[in-house]
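Work through the following exercises with the sequence and the structure side by side, and try each task before reading its solution.

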Amino acid sequence: MRLGFLGPKATFTDIAVRALFPDETAISYSTIPECLDAVEAKEVDIAVVPLENALEGSVNITLDYLTHEINLPIIGEITAPIRQHLMVHPQNVDRWKKVEKIYSHSHAIAQCHKFLHKQFRGVPSENTTSTARAAKYVFEHPQLNVAAIANNLAAREYGLTIVQSDIHDFHYNHTRFVILTSNGHEINQNQGIKFNGYKTTVMVQLPDDRSGALHQVLSAFSWRKLNLTKIESRPMKTGLGNYFFIIDIASKLDDVLIPGAIAELEALKCNVKVLGSYPSFIIDATTVANKVKL
Ligand SMILES: O=C(O)C(=O)C[C@]1(C(=O)O)C=C[C@@H](O)C=C1
């Protein structure tokens, strides 16, 4: 199986891939769109990209791509703990408190906002396409007194020194990564890591700006006792005020309940698209340490 992921080596996405697919050789792509284009073009069989972070919310580029640009099913998800560390080139360890710029993925920078505000007020930060990209840049520029925010694996991979560990602002920091396919590939629930039940993700577009429309949508799920784990609105990109909803249901797509809810929504003139029904996995810090041999 060919697998694509948001790289380069040692991103958090890479950690998720190593935990879920330890025996596969994976191809890294520099950006989320490149990774998703690759799976759509069948350059790879599956792609793994970040979708949602517990502190920062959705990774909008992933969500928008899934809903506007490509038509591929989600076939699995994995939730992994996220620990952010500040790291510098070993040559700059003595002057790390005076770094002139901090590089990382925008989500990682946002996860460390309080830390950066307190310890590095006035020091500019610059977004990179991933945390590992930032670590690689810092390694390649020892002459610059700059730092990266990234994980342990990146520090090891790019030979950087961690000068401050666990700088994310809230202890519960987790990210959900989704797996997509273009060739009907399926993921079994027995992957040797903790299986956390099935989920079904649907995209719902309301018919028009009508009072109570969202209430009617939610009641189609609620009276069937379908538990929702997430509901989020995103712009349709067709005009101000035009939104659709992404809804995660904590159940497998069955023959009765979810199709019944979808039929009810369609009768209300909603547009409904199932983005996937898939097994969900969760890993903890110990599993990460064992799987990626940290
Ligand atoms: O940059 C990485 O290491 C990624 O895998 C991307 C990403 C994200 O897009 O949210 C994944 C997990 C963390 O929340 C920070 C960054």
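The shell around the ligand draws at least three residues from each of domain 1 (3–81 + 174–285) and domain 2 (85–171), the bounds coming from an automatic or database domain assignment. The model is predicted, so local features need pLDDT of at least 70 and side-chain atom pairs count only at pLDDT 80 or more, while totals for chains, interfaces and linings use all residues. Residues are numbered from 1 along each chain as its sequence is written.

**Exercise 1.** Describe the shell around the ligand.

Solution. Start with the 15 residues around the ligand, of which Thr 11, Phe 12, His 107, Ser 130 and Thr 131 come nearest; a residue is near if its C-beta atom, placed from the backbone, lies within 6 Å. Next, find the elements giving two or more residues to this shell, which are α1 (12–20), β3 (46–53), α4 (106–111) and α6 (131–140); helices (H or I, at least four residues) and strands (E, at least two) are DSSP runs, numbered from the N terminus.

**Exercise 2.** Describe how domain 1 and domain 2 meet.

Solution. First, note that their centres, taken over C-alpha atoms, are separated by 30 Å. Then examine the contacts (C-beta atoms, placed from the backbone, within 7 Å), in which 15 residues of domain 1 touch 15 residues of domain 2. On the side of domain 1 that touches domain 2, α1 gives the most, with three residues.

**Exercise 3.** Trace the five-stranded sheet and find its edges.

Solution. Follow the open, mixed sheet in the order β8-β7-β9-β6-β10, where strands pair if DSSP finds at least two bridges between them. β8 (125–127) and β10 (161–164) each have a single partner strand, so one side of each lacks a neighbour in the sheet.

Methods
Two residues are in contact if their C-beta atoms, placed from the backbone, lie within 7 Å.
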